[in-house]
Amino acid sequence: MTIRYTVTPRPTAHKFDVVLDIEAPHSEGQVLSLPAWIPGSYMIRDFAKHVVTLTASSENRPIRATKSDKQTWILEPTDGPIQVRYSVHAWDLSVRKAHLDATHGYFNGTSLFLLVHGADNSPCEVVLTQPAGERYANWRVATTLPRLTGDALEFGRFQAKDYDELIDCPVEMGTFVHARFEAGGIPHEVALTGVFDVDLDRLCADLKVICEEHLEKMGTPSDLDRFLFQIMVVGSGYGGLEHRTSTSLICSRDDLPKKGDTTIGNGYRTLLALSSHEYFHLWNVKRIKPARFTPFDLSKESPTTLLWAFEGFTSYFEPLALVRCGIIDRDSWLELVGRKLTDVMRRPGRHVQSVADSSFDAWTKFYQQDEDAPNAIVSYYSKGSMVALALDLTLRLDGGTSLDEV
């Protein structure tokens, strides 16, 4: 059974309209739900709260849809196929949810795609419909969802082997700037959205050597046949979220390299470090992951004591790749390491909370910090990277090996 989603953007209303077609619903009543959190961001976000309307029908006959909790709907039993129509408000300009206006659209699958219970492993099809009106005639699509119809960057039909892949391929649409480069024999793409001035050739050249550094050290994943950097450029912002074949980033427009400028300022270094961090997640957490995440339970918190290894180690290799491939020099790398060490040492919380406890309680403490946070918690990112540094140095001094090899 193929689960089919048709997505129609309404930019001026800031809403995505979705039609979900289920060929063979459960005979005792089909259950549907939206995730409560998105992999890579360990906080309950309750995506279902953005669902504005939801109706269901079977063979043109309305059927009852009843909510059983904050994120779950139960449809009354029916013998025929079911069609569910719902609308999602999209006004969160971040890498975690969905955003839609007259300039662009972006969404993660966790915000838009209802899970059809019992069909988690069924193939999915997505129809992305171009917004109506001449204003959107030049809009294009950037996603790593495998394409079924249409040319590259066009709206059309896409597929996913299951729900897990479906929600791990975010979609950017609009009049973005697009570029391609190859790293390690793998096609890579960049889609830049926003208002900005950028030396696109330099950005791609720098991303290329960073990606190649990671690919050489870690080995090319056997299932990686392309990669996409989705970058939303804003006045002031920072953030990233990893995915299996892409990453979504937010940066300030001043962080981008300007044409004619060959220096690496703090802003551009920050953007390249963020890109390096999210790219390293191709291995660390996307393909090497805690048992707690296999499979993901997105209906509630899934605590693990290992985020210090998955995020902290990634934070350690993030700037290390930059100095290894020649993007920054040794002094710049030492400055970045010093900043993280200073961040840890200045926080009394390091005496109160271990990195394992910081990982486990990320859902309620690290992601929901209050005024006492510096005294009560430690960052599993910063301290985790210091643990990685200590382990790497120990291995090199005592065993003749390194954290790379481990």
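The largest cavity in this predicted model has a volume of about 100 Å³. Ten names are worth finding on your screen: Ile38, Pro39, Asp164, Ile167, Asp168, His243, Arg244, Lys286, Lys289 and Phe296 line this cavity. Sorted by class, these lining residues come out as four nonpolar, one polar and five charged.

How many cavities of 30 Å³ or more does the structure hold? There are six of them. The second largest encloses about 50 Å³, and its lining is made up of Glu213, His214, Lys217, Met218, Phe280, Phe317, Ala321, Arg324 and Asp404. Two helices, H3 (200–218) and H5 (307–324), each bring at least two residues to this lining. H3 gives the most, with four residues. Four nonpolar, one polar and four charged residues make up the lining by class.

Next come the pockets. Here are the cavities and pockets together:

| Space | Volume | Classes of lining residues |
|---|---|---|
| Largest cavity | about 100 Å³ | four nonpolar, one polar, five charged |
| Second largest cavity | about 50 Å³ | four nonpolar, one polar, four charged |
| Largest pocket | about 960 Å³ | 14 nonpolar, 14 polar, 10 charged |
| Second largest pocket | about 440 Å³ | 10 nonpolar, seven polar, five charged |

The largest pocket holds about 960 Å³ of space. Of its 38 lining residues, Tyr238, Leu274, His277, Glu318 and Tyr381 are the closest to its centre. Which helix gives the most to this lining? That is H4, with six residues. Strand S19 (238–242), helix H4 (266–280), H5 and helix H6 (330–345) each supply at least two lining residues. H5 therefore appears in two places in our tour, since it also supplies at least two residues to the lining of the second largest cavity.The second largest pocket has 22 lining residues, and Asp120, Tyr163, Pro295, Phe296 and Leu298 lie nearest its centre. You have met Phe296 already, in the lining of the largest cavity.

Finally, look at the strands. Seven of them form an open sheet with mixed pairing, in the order S5-S4-S8-S2-S1-S12-S14. Strand S5 (61–63) and strand S14 (156–160) stand at the edges with a single partner strand each, so one side of each has no neighbour in the sheet. On average, neighbouring strands of this sheet are turned by 25° against each other, direction ignored. For a pair to trace yourself, try strand S1 (residues 3–10) and strand S12 (residues 124–128), which pair in the parallel sense over five bridges. Tyrosine 5 has valine 126 in S12 as its bridge partner.

Conventions. Residues are numbered from 1 along each chain as its sequence is written. This is a predicted model: local features need pLDDT of at least 70, side-chain atom pairs count only at pLDDT 80 or more; totals for chains, interfaces and linings use all residues. Side-chain values use heavy atoms; hydrogens and water are left out. On a 1 Å grid over the protein atoms alone, a cavity is a set of points where a 1.4 Å probe fits but cannot get out, and a pocket is an open set with protein on both sides within 12 Å along at least five of seven lines; lining residues have an atom within 4 Å of a point. Grid points are joined across faces, edges and corners, and a volume is the space filled by probe spheres set on the points. Ala, Val, Leu, Ile, Met, Phe, Trp, Tyr, Cys and Pro count as nonpolar, Asp, Glu, Lys and Arg as charged, and the others, Gly among them, as polar. Two strands pair if DSSP finds at least two bridges between them. Axes are lines fitted to C-alpha atoms, for helices over the stretch in contact, and angles run from 0 to 180 degrees between N-to-C directions.
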